[in-house]
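Morning, everyone. Let's walk through one structure, with the model on the screen.

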Amino acid sequence: MTSTGPRSHMSLALSEAGDAGARGEVPVGAVIVSPSGKVLAASGNRTRELCDPTAHAEMLAIRAACEAVGDERLVDCDLYVTLEPCPMCAAAISFARIRRLYYGASDPKGGGVEHGARVFNQPTCHHAPDVYPGLSEAEAATILKSFFATRRGE
């Protein structure tokens, strides 16, 4: 499967987020793309379904992409995710040697890139991807806000 650029890759991540929300998961989606533009993996959150607190969209996509390329490193691959990664996911992104991270909505409460732990800014971080925040931010934020508003009965 191939796409044509950052917006189309983020559109796929947004679709994965919508699917996650429909399953009752926090609606976050992630897509990993090879240097040639091939989509290696796409996933949404599955923490509830799998009873696994590490089953974030990014973690699942990284696992699937590593399996697809047959390596624990995703050098020169790009990750598109609808929400700023948490510290756990940011660390996995670093370990996988992801080239570029594009994300939609910021997460002041739980993020680990621009907020909180700021994993890529730590001296112990082995690899920091190029970070591009705010891609399709309004759409990503709307999906999240709608999900939580429904949960609160608004």
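One cut-off before we start. Buried means under 20% relative accessible area, exposed means over 50%, and partly exposed covers what lies in between. So take F148: at 35% relative accessibility, F148 counts as partly exposed. F147 comes out at 11%, and therefore counts as buried. Keep in mind that this is a predicted model.

Those two rings also pair with each other. F147 and F148 are edge-to-face, with 5.1 Å centre to centre and 85 degrees between the planes.

How many aromatic pairs are there by this rule? Three. Another of them is Y80 with Y102. That one is stacked: 4.5 Å between centres, 0 degrees between planes. Y80 sits in strand β3 and Y102 in strand β4, so the pair ties together parts that are 22 residues apart in sequence. Both tyrosines, Y80 and Y102, are buried. Add Y132, and Y80, Y102 and Y132 make one aromatic cluster.

Now the sheet. It is open, built from five strands, and the order reads β2-β1-β3-β4-β5. The pairing is mixed. Which strands stand at the edges? β2, residues 39–44, and β5, residues 130–133. Each has a single partner strand, so one side of each is left without a neighbour in the sheet. From one strand to the next, the twist averages 15 degrees.

Look at β5 and its partner. β4 covers residues 100–105, and β4 and β5 pair in the parallel sense over four bridges. One residue match to note there: R100 has D130 in β5 as its bridge partner.

A helix packs on this sheet. α3, residues 57–69, lies across β1 (29–33), β2 and β3 (78–83). Relative to β2, α3 runs at about 155 degrees.

Last topic, the core. In soluble globular proteins, nonpolar side chains tend to be buried together. Here the largest nonpolar core has 41 residues. Which members touch the most others? I32, I62, L74, L101 and F120. Helices and strands both contribute: α1 (6–22), β1, β2, α3, β3, α4 (87–96), β4 and α5 (137–152) each supply at least two residues. α3 gives the most, with six.

Zoom in on L101. Leaving out residues up to four places away in sequence, L101 touches L79, V81, P85, I93, V113, F120, P129, D130, V131 and Y132. Two names on that list came up earlier: D130, the bridge partner of R100, and Y132, from the aromatic cluster.

That's my tour. Over to you.

How values were computed: Residues are numbered from 1 along each chain as its sequence is written. This is a predicted model: local features need pLDDT of at least 70, side-chain atom pairs count only at pLDDT 80 or more; totals for chains, interfaces and linings use all residues. Side-chain values use heavy atoms; hydrogens and water are left out. Two strands pair if DSSP finds at least two bridges between them. Axes are lines fitted to C-alpha atoms, for helices over the stretch in contact, and angles run from 0 to 180 degrees between N-to-C directions. Contact means heavy atoms within 4.5 Å. Rings of Phe, Tyr and Trp (its six-membered ring) pair if their centres lie within 6.5 Å; planes under 30 degrees apart count as stacked, over 60 as edge-to-face and the rest as tilted. Buried means under 20% relative accessible area, exposed over 50%, partly exposed in between (1.4 Å probe, protein chains only). A nonpolar core is a set of buried Ala, Val, Leu, Ile, Met, Phe, Trp, Tyr and Cys residues joined through side-chain atoms within 4.5 Å.
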